[in-house]
Amino acid sequence: MEYGVKTTKTQEFIDITNLINEEIKRQNVQEGIAVVFVPHTTAAVTINENTDPDVTIDIIGALNKVFLVEGDYRHYEGNSHAHIKASLMGSSCTLIIEKGKLKLGTWQGVYFCEFDGPRNRKVYIKVMDTGK
Ligand code: ZN
């Protein structure tokens, strides 16, 4: 299933955990696997803390220190920093579904990572029923 994600900043992390849980509910899967895939070259998906929003801001800040937005890059589009960050964070993640919802750690959330926004983005969510 394809979902739209509207980003509003040049760089930001958007919590998509509920979106994935909705898809799991829609498919009525109790035990299984969810694959989340981001079909973009300057956006990504990652799992991290969902309690203190400063954590995701710190991750973006640290990435910006290593991969300068205005760095010495060759790519004509001028968004190489975003391509590099997207590759590092990764374009997919695989998650466990238990008792009809994602089995995550207490402090974990799944984040859509925007590195070259704001844009209308997409995320693909595939849910597989594995039985018990
Ligand atoms: Zn580019």
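**A zinc site beside a helix and a three-stranded sheet**

Glu 77 has a relative accessible area of 48%, so this residue is partly exposed. His 75 falls into that class too, because its relative accessibility is 28%. Both values come from a predicted model.

These two residues help hold a zinc ion. The full set of donors is His 75 (NE2), Glu 77 (OE), Asn 79 (OD1) and His 83 (NE2), sitting at 1.8 to 2.2 Å from the metal. Along the chain, the donor residues follow the spacing H-x1-E-x1-N-x3-H. The site doesn't make a neat figure: the angles between the four donor atoms run from 90 to 146°, so the arrangement counts as irregular. For a tetrahedral label, all angles would have to lie between 85 and 135 degrees.

Next comes helix α3, which spans residues 80–89. Its buried residues are Ser 80, His 81, Ala 82, Lys 85 and Ala 86, and they pack against β4 and α2 (54–66). The helix lies across β2, β4 and β7, and makes an angle of about 50° with β4. Just past the end of α3, Gly 90 adopts a positive phi of about 100°.

As for the sheet under discussion, it is open, with three strands in the order β2-β7-β4 and antiparallel pairing. β2 (12–15) and β4 (43–49) form the edges, each pairing on one side only. From one strand to the next, the twist averages 35°. Seven bridges link β4 to β7 (residues 108–114) in the antiparallel sense; Ala 44, for instance, has Cys 113 of β7 as its bridge partner.

Terms used:
Residues are numbered from 1 along each chain as its sequence is written. This is a predicted model: local features need pLDDT of at least 70, side-chain atom pairs count only at pLDDT 80 or more; totals for chains, interfaces and linings use all residues. Side-chain values use heavy atoms; hydrogens and water are left out. Two strands pair if DSSP finds at least two bridges between them. Helices (H or I, at least four residues) and strands (E, at least two) are DSSP runs, numbered from the N terminus. Axes are lines fitted to C-alpha atoms, for helices over the stretch in contact, and angles run from 0 to 180 degrees between N-to-C directions. Contact means heavy atoms within 4.5 Å. Buried means under 20% relative accessible area, exposed over 50%, partly exposed in between (1.4 Å probe, protein chains only). Donors are N, O and S atoms within 2.8 Å of the metal (3.2 Å for Na, K and Ca); water is not among the atoms, so sites may look incomplete. Four donors count as tetrahedral if all angles lie between 85 and 135 degrees; four count as square planar and six as octahedral if opposite donors are over 155 degrees apart and all others between 65 and 115; anything else is irregular.
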